[in-house]
Amino acid sequence: MHLRIEQHALDRRLECLIGRSAPGPVIFDLSVDLTTPQLSTWMSSLQVVIRDLDAESGLTAHPLAAASVQDMLLTGLLLAQPHTYSAVLHDHDQPRLARRALARAVEYYEQHLTESMTIGDVAQHVGVSVRSLQRAFQEDLGASPSRYLESLRLARVREDLLAPNGPDTGSVTDIAYRWGFVHLSRFAAAYRRRYGETPSATRLRANHH
């Protein structure tokens, strides 16, 4: 069996995982031990993919499935086989660096609440991997990055709903959109979970004071 992996595809997958550009190509150790648990699992996954490719209408015949399988195999290889970026990929950062990255991520969220962003965008901005940033948020703040961002946005929405209903305030929908909520039903459900009332009830109560 001969497996060919394009260098650019591997480098692009690494950059996605670590959240930033890599200064050079991935260079693997020449020695490959397929008896290690991780490489053994990766090899088993590869064999499953090969059997699917041999089928007339396997799952990998669909472009979306093929892309996901490719990402899985590349990620598995990068995690299982030692290479020049293994230390970065496995988050061998000092705790102090993780705390500094978390502080920068929080600051970035607060400054870009009205903008569309992904966890990958934030991780790239602060210079750590997505996995490292997710763990830092969970361990230090007790929430995932997406939940933390949602919490910040909900707080801003509530401030606007409780403000005097002037001409520039806007409707509940206007306020939700202003602070980055695109799906109104999800926004309303999240708001009610946090504050125990609907956004409209908050607005109504504020107008009666």
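These exercises work through a predicted model of one protein chain.

**Exercise 1. Find which secondary structure elements the chain holds, and in what pattern.**

Step 1. Count the elements: the chain has eleven helices and zero strands.
Step 2. Read along the sequence: the pattern is α-α-α-α-α-α-α-α-α-α-α.

**Exercise 2. Decide whether the chain is spread out or a compact globule.**

Step 1. Take the radius of gyration of the chain, 23 Å.
Step 2. Take the value from the globule rule for 209 residues, 17 Å.
Step 3. Compare them: 23 Å is well over 17 Å, so the chain is more spread out than a compact globule.
Step 4. Add the box: along the principal axes, the C-alpha atoms fill roughly 75 × 45 × 25 Å.

**Exercise 3. Describe the burial, surface and contacts of the chain.**

Step 1. Start with burial: 35% of the 209 residues count as buried.
Step 2. Turn to the surface: about 12,900 Å² is exposed, and carbon and sulfur atoms supply 54% of that area.
Step 3. Take the contacts with a separation of 6 or more: 65% of them come from residues 24 or more positions apart.

**Exercise 4. Place aspartate 160 and decide whether this residue is buried or exposed.**

Step 1. Locate the residue: aspartate 160 lies in helix H8, which covers residues 145-162.
Step 2. Read its relative accessible area, 18%.
Step 3. Apply the cut-off: buried means under 20%. Aspartate 160 is at 18%, so aspartate 160 is buried.
Step 4. List what aspartate 160 touches, leaving out residues up to four places away in sequence: Thr169, Ile175, Arg178, Trp179 and Arg203.

Key
Residues are numbered from 1 along each chain as its sequence is written. This is a predicted model: local features need pLDDT of at least 70, side-chain atom pairs count only at pLDDT 80 or more; totals for chains, interfaces and linings use all residues. Side-chain values use heavy atoms; hydrogens and water are left out. Helices (H or I, at least four residues) and strands (E, at least two) are DSSP runs, numbered from the N terminus. The radius of gyration is taken over C-alpha atoms; the globule rule is 2.2 Å times the number of residues to the power 0.38. Buried means under 20% relative accessible area, exposed over 50%, partly exposed in between (1.4 Å probe, protein chains only). Contact means heavy atoms within 4.5 Å. Accessible areas come from the Shrake-Rupley method with a 1.4 Å probe; for residues, only the protein chains shown count as cover.
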